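Open the model in your viewer and keep the selection tool at hand. The stops below say what to pick next and what is there.

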Amino acid sequence: MSTIVLLLATGLGLGALYFLVASGLSLIYGLMHVLNFAHGAFLTLGALLGYAAALRLDATSWPGFIASILVGALVGAGVATLTELLLIRPLYERHIEQVLVTVGLSLASVALFEGIWGTDPTFIRGPAWLDETTGILGARVPNDRFVIIGVAALVLLAIVVFLRRTRYGMIIRAGVENRAMVTALGIDVRRSFTLVFAIGGAAAGLGGVLAAHYFGYVSPSLGGSLLIFAFIVTVIGGLGSLTGAAVASVLVALLQQFANYYAGGTGDFVIVLALAGVLLVRPSGLMGKAA
Amino acid sequence: MRISKIVPAGAGAAFVVLLAVLPLLSVSLPGILPGPTYTPGALQLLALCMVYASLALSYNLLLGTGGLLSFGHALYFGCGAYGLGILLERTDLSLWPAFGLTLLAAGVIAVVTGAVSLRVTGIPFAMVTLAFAQAGSVLVRRNPGGLTGGEEGLSLATEHVPDALVGVVHTRNLYWAALAVVVVAYLVVLWMDRSRVGHVAAAARENELRVRALGLQPYTAKLVVFVVGGLIASLSGVMYLLLQSGTVPRSVGADLTITVLVMVVLGGVGSRWGAIVGGVLYTLLNQRLTLLAGSDAVESLPAVLHVPLSEPMFILGALFVLVVLFVPGGIAGTAAKLTGRGGSRSGTTVLETADSERELEEARP
């Protein structure tokens, strides 16, 4: 029983990380049809600069931890906005080339991070409470899992409220549905492109800081490894669907954890098999629009 | 055959002959090759260029002809390299049967993964192929049963390889083998481009709905293109194993696919010789930039310049972004524009048609 609880908690924590990356990917794809390979770089930069900020204040204190989260989100949003304005916008409507540009950006930025911070992982510390465990039904669950799950739930809630209750959110939802019609109504959709990139970048930067605590280290390759699973999550969930991304994040992470534990470390394969299965049965993903 | 077809074919054949006699000559290209062309170092580098050129050719078949943006192409390269490596180490097969078995296995894997991933198109296709390649990469790193050597990689077991292909003294034989691989890859790609199935795949790239309306099977055509591309990639992988006398997990990873993508876009998507030039240029640049990174001139620069310049991937990534932004046709497109020959399609059009989402969007009522 305690093993199952522990696996559930760890799986949910990992799912929360996947969601933080996949939500941005899915929103960006839904609105702009751009597959953002540089999303991992946003995450890595958020994690690296977030931890640098925490070190300035005192990494083991709560203000330091909160500062790192804020810095991570701001850095992610800032870099994402710049990327959209400088690299994506000039290639308006040329989707494949937009993808290629983000590929180039991720190559160059990871190399640059390695040049600045070195290739080795830096082991990080957080507030002492995060490293302690809480007993739930006999399982010792690390406290950082709760923080990660809580933050991801808040992000999900914030994005949903933003999309449903605000004017810009409405424009974004309408743009995902039918971009030509929104443009025809005289609304500049391109402004919401920047906005979507900023939101996705913020979620990724935030995810980077939390991922650093989850794995216990920061390294320039942190984003790349999470990004691939986030891609799988977005395809399984249905490209462009936020709820799909949320559901698929949890499903994928739980499946991965349980398969890793009970089926001898085969988690990654089980996920790829699940992806193949979903594609065979429903090529548009669990919650994607019927193609 | 018209004269306009014979001339380029003749020039190509002459160029291949020139490359073939290169190990017998002493040509020095300071700054590009580490020594005169008869030395093993120079031949090794040239052969590596050819391995990557044939890999780029196979990727160009996918992207340029079929309009398939695959992010999992390295999987088949890795199948070739690891497949042959494992067979030579674990079985008593000699080189040729092991080679045949490797290609067969790579072909089966390409058929299965291709059949699944071609259920979706455009960007989702890219993501699915990426996931498959990632599974392969994880498998190789996990080192199941000690087969793949994990992070250390696998070194070539030489007992069953002919002596003529082993050792530094025989580098020129490996060079000729690599040259043969490029020529085979080029001829197969050319043949595919001119065949019925290639035409159907190219037509499906332009407008899939219309191809279907004509009663043709775009799915089958694309699968054939995908599998042939995978087979050529595994052939390059086999050559890579022999040339480097070993292989590392990097040869299955997403990094390699992205590298090949960079080569093809650099050379010009949709152009066969562009892919070759892109592959050769990238390999040479990578080699040179790594040397530059370690040089004293770079070490003595201030940190702001020194850090980016000492990372070859940073320079190549930035170069790639600039090419995509400002030189959409790549080298081949620019050359075509300069010589005023509008015959070949520009890279931009090919890339646009690879984007099926757009097509669906336009078709939607």
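Select helix α3 of chain B, residues 74–90. This is a predicted model, so check the helix's length against expectation first. At 1.5 Å a residue, its 17 residues should span 24 Å. The end C-alpha atoms lie 23 Å apart, which agrees. Now look around the helix. The rest of the structure largely encloses α3(B), because 14 of its 17 residues are buried.

Widen the selection to residues 68–88 of chain B. UniProt, in an unreviewed entry, lists this stretch as a "transmembrane region". In the model the stretch is 71% helix and 0% strand, and its end C-alpha atoms are 33 Å apart. Another span with that label in the record is 223–243 of chain B. Residues 223–243 are 100% helix and 0% strand, with 30 Å between the end C-alpha atoms.

**Two buried residues in chain B**

Pick B:Ser54, in helix α2 (residues 40–65) of chain B. Is B:Ser54 buried or exposed? It is buried, because 32 C-beta neighbours fall inside 10 Å, and 20 are enough to count as buried. Which residues does B:Ser54 touch beyond four places in sequence? They are B:Val181, B:Val182, B:Ala185, B:Ile232, B:Leu235 and B:Ser236. Add B:Leu190 to the view: it is 136 residues along the chain from B:Ser54, and their C-alpha atoms are 12 Å apart.

Next, pick B:Gly274, in helix α11 (residues 272–293) of chain B. B:Gly274 also counts as buried, because it has 30 C-beta neighbours inside 10 Å. Beyond four places in sequence, B:Gly274 is in contact with B:Gly267, B:Gly268, B:Gly330, B:Ile331 and B:Ala332. From B:Gly274, draw a distance to B:Lys5. The two are 269 residues apart in sequence and 18 Å apart, C-alpha to C-alpha.

**Where the chains meet**

Show both chains. In contact here are 38 residues of chain B and 35 residues of chain A. On the chain B side, at least two residues each come from α5 (122–142), α10 (254–267), α13 (303–309), α14 (312–326), α16 (347–353) and α17 (356–363). The most come from α5(B), with eleven residues. Colour this side by class: 29 residues are nonpolar, three polar and six charged.

**Over to chain A**

Select residues 133–142 of chain A to see strands β2 (133–136) and β3 (139–142). They run antiparallel and are joined by four bridges. One pair to find is A:Ile136 with its bridge partner A:Ala139 in β3(A). Two residues sit between the strands of this hairpin. One of them, A:Leu137, takes a positive phi near 50°.

Now take two spans that UniProt's unreviewed entry marks as "transmembrane region" in chain A, 34–53 and 193–215. Residues 34–53 are 75% helix and 0% strand, and the end C-alpha atoms lie 31 Å apart. Residues 193–215 are 100% helix and 0% strand, with end C-alpha atoms 32 Å apart.

**Last stop: confidence**

Colour chain B by pLDDT. The average is 85, and 93% of the residues score at least 70. Where is confidence highest and where lowest in chain B? It is highest in helix α9 (residues 218–244), at a mean of 94, and lowest in α17(B), at 46. Zoom in on residues 357–365 of chain B, where pLDDT stays under 50. The model has eight contacts beyond four places in sequence for this stretch. For the model, the scores are ipTM 0.84 and pTM 0.85.

Technical notes. Residues numbered from 1 in each chain as written. Chains lettered and ligands numbered in written order. Predicted model: local features only at pLDDT ≥ 70, side-chain atom pairs only at ≥ 80, totals over all residues. Contact = placed C-beta atoms within 7 Å. Nonpolar A, V, L, I, M, F, W, Y, C, P; charged D, E, K, R; others polar. Buried ≥ 20, exposed ≤ 12 C-beta atoms within 10 Å, placed from the backbone. Expected span 1.5 Å × (residues − 1). UniProt positions renumbered as here; feature names shortened; annotations may be inferred. pLDDT = per-residue confidence, 0-100. Pairing = 2+ DSSP bridges.
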